[in-house]
Amino acid sequence: MPVEEFVAGWISGALGLVLGYPFDTVKLLGFFKGMSFPIASIAVVNSVLFGIYSNTLLALTATSHQERRAQPPSYAHIFMAGCTGGFLQAYFLAPFDLIKVRLQNQTEPRAKPGSPPPRYRGPVHCAASIFQEEGPRGLFRGAWALTLRDTPTMGIYFITYECLCHQSTPEGQNPSSATVLVAGGFAGITSWVTATPLDVIKSRMQMAGLNQRAHRGVLDCIVSSARQEGLGVFFRGLTINSARAFPVNAVTFLSYEYLLHLWQ
Ligand SMILES: CN(C)C(=N)NCCC[C@H](N)C(=O)O
């Protein structure tokens with residue numbers, strides 16, 4: 001199994017993350033006080049995504065990353081490889097994402113004067129507390145909703161990227177850096193636009209262990225959220241997700257392509 005894609009995915013994920021830092025700081029306040037935890041987590045997840053995507057394409061089409069410009073894979077294969085990468089990365093992402101959501105949701109009470117101290121002191125304390133209070137399976141709370149969110153949207157992510165690159169690049173040539181930046185940026189936006197409704201549901205399921213508002217499952221959470229708050233609830237965070245997605249994914253794809261080009 002070629003490993004360059006995993007390494008390039010790790011580095012490009014870390015670079016994208018650094019660029020997305022101001023947006024994540026707005027969204028998460030305390031979470032990104034230190035960069036080591038997000039780099040160790042999100043970059044690993046990106047490495048799984050890109051590594052599995054590329055190796056699945058290799059298995060489906062018998063072409064390596066370099067050969068794919070001359071022999072482009074079909075969109076069905078790209079979609080299947082993207083979905084496979086999304087499905088597997090969701091399980092790596094689940095515990096890190098849970099910690100992020102729990103920390104994010106405790107920032108509001110902290111802002112009010114006289115409010116009790118935050119429940120979690122940081123990512124490690126948060127992970128240990130969830131493990132103690134909710135058991136090892138508690139760390140995977142919301143993983144199913146995360147899988148539903150990421151499996152199809154990662155297919156959309158890679159299809160958008162490859163389609164835009166293909167359309168703006170002469171046959172058999174490598175896309176220019178400008179094309180990679182724009183295609184990567186739009187891939188990020190389309191994936192986040194389609195992911196946002198399930199992102200909302202996923203976050204609610206992840207909070208369920210804490211606020212005693214148990215949901216019977218993903219469907220129950222979708223129905224009760226829509227009933228209580230209307231359909232608009234599924235688009236919460238859409239603007240900030242999209243604004244963050246363009247620069248983060250433009251840089252992620254540019255650095256990923258650059259590194260693979262360098263190592264080939
Ligand atoms: C849930 N969705 C839509 C995605 N994860 N999309 C792929 C983008 C990944 C990138 N690290 C980012 O955070 O934007």
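**Note on the ligand site and an annotated segment**

1. In this predicted model, the side chain of Ser191 places an N or O atom 3.2 Å from a nitrogen atom of the ligand. Two further side chains approach ligand oxygen atoms: an N or O atom of the Trp192 side chain is 2.9 Å from one oxygen atom, and a polar side-chain atom of Arg244 lies 3.0 Å from an oxygen atom. The ligand exposes 380 Å² when taken alone, and 91% of that area is buried by the protein.

2. Three elements each contribute two or more residues to the shell around the ligand: helix 6 (143–167), helix 7 (177–211) and helix 9 (238–263). Helix 6 supplies the most, with four residues.

3. The surrounding residues are Arg149, Asp150, Met154, Tyr157, Ser191, Trp192, Ala195, Arg244 and Asn249. By class, the shell comprises four nonpolar, two polar and three charged residues. Ser191, Trp192 and Arg244, named above for their side-chain distances to the ligand, all belong to this list.

4. Apart from the ligand site, the record deserves a comment. An unreviewed UniProt entry assigns the feature "transmembrane region" to residues 6–23, 35–54 and 74–94. Over one of these annotated ranges, residues 74–94, the model is 95% helix and 0% strand. The C-alpha atoms at the two ends of residues 74–94 are 30 Å apart.

How values were computed:
Residues numbered from 1 in each chain as written. Predicted model: local features only at pLDDT ≥ 70, side-chain atom pairs only at ≥ 80, totals over all residues. Heavy atoms only, no water. Near = heavy atom within 4 Å. Polar contact = N/O pair within 3.5 Å; in protein donor to acceptor, adjacent residues only side chain to side chain. Areas by Shrake-Rupley, 256 points an atom, 1.4 Å probe, with all protein chains shown as cover. Nonpolar A, V, L, I, M, F, W, Y, C, P; charged D, E, K, R; others polar. UniProt positions renumbered as here; feature names shortened; annotations may be inferred.
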